[in-house]
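Here are my notes on this one, written as numbered points. Have the model open while you read, and click on each residue as it comes up.

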Amino acid sequence: QRPQSVSVLQRSVHATATALFVPQGVTAGEVVLEHEAEEYSVDVAVPSRRVAIEVDGPSHWVRDASSGAIIGPSGATVLKHRLLEEAGWRVASVGYHHWQAARSGAARCELLASLLGDALTAPQPTHREQANIIGPEEVAPGSEDEAAARQKMTAARLLKQSPLKRAVARRRR
């Protein structure tokens, strides 16, 4: 896997996320840049709380061909966020255009806090919750928790496949 370069935008979001999470009992070192989560590189993460903050630059958006206006996130971006959520991560997407529009530090803190919602103040997952996220080997065999964990493991395996293999696997289900 090629090394990722960290953009000025990512550093700015990271600094703001750190400022928001530290008063919530998270250490500054727990708010990390370029974290590997479920085979994806997450721009900013708080792994202890399973929070992923994706800094979505211009390549993550679909534009109208005639006006150039942003229509919405690209399919690949939506898929990545959905698969991370299926694997137990709370995902906040920070669009570059929203970040640029929020010019002051206070406006950016407000924007990020609103995107994070309860993920900002939610406590660290309990051991049982983490077992449900990690996999079926951590929960009682035959329980409902095991079925949910297996479903999450399937989503995590899909992350490791190429887009073509993922499409084929989805059609088989």
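1. Start at Val-32, which stands opposite Ala-45 in β2. Strand β1 (residues 32-37) and strand β2 (residues 40-46) run antiparallel, with five bridges joining them; two strands count as paired if DSSP finds at least two bridges between them. The two form a hairpin with two residues in between, and Glu-38 in the turn has a positive phi of about 55 degrees.

2. A word on what you're looking at: this is a predicted model, where local features need pLDDT of at least 70, side-chain atom pairs count only at pLDDT 80 or more, and totals for chains, interfaces and linings use all residues. Residues are numbered from 1 along each chain as its sequence is written, and side-chain values use heavy atoms, with hydrogens and water left out. Helices (H or I, at least four residues) and strands (E, at least two) are DSSP runs, numbered from the N terminus.

3. Now find helix α4 (residues 105-116). Its buried residues include Leu-111, Leu-112 and Leu-116 (buried is under 20% relative accessible area, exposed over 50%, partly exposed in between, with a 1.4 Å probe and protein chains only). They sit on the same side of α4 because they cover an arc of only 130 degrees around the axis, taken from the directions from the helix axis to the C-beta atoms. Turn to the face away from that buried side and you'll meet the exposed Ala-106, Glu-110 and Ser-114.

4. What covers the buried residues of α4? Look for α1 (8-21), β3 (51-56), β6 (90-95) and α3 (96-101), which are among the covering elements. Just after α4 comes Gly-117, with a positive phi near 55 degrees.

5. Helix α2 (residues 75-86) has its own buried set: Thr-77, Lys-80, His-81, Leu-83 and Leu-84. These share one side of α2, because their arc around the axis is only 165 degrees. Exposed Gly-75 and Arg-82 are on the face turned away, and Gly-88, which follows α2, has a positive phi near 100 degrees.

6. Finally, the largest nonpolar core has 20 residues, and Val-13, Phe-21, Ile-53, Leu-112 and Leu-116 touch the most other members. (A nonpolar core is a set of buried Ala, Val, Leu, Ile, Met, Phe, Trp, Tyr and Cys residues joined through side-chain atoms within 4.5 Å.) α1 gives the most to this core, four residues. A second, separate core of ten residues includes Ala-37, Tyr-40, Val-42 and Leu-84.

Methods. Contact = heavy atoms within 4.5 Å.
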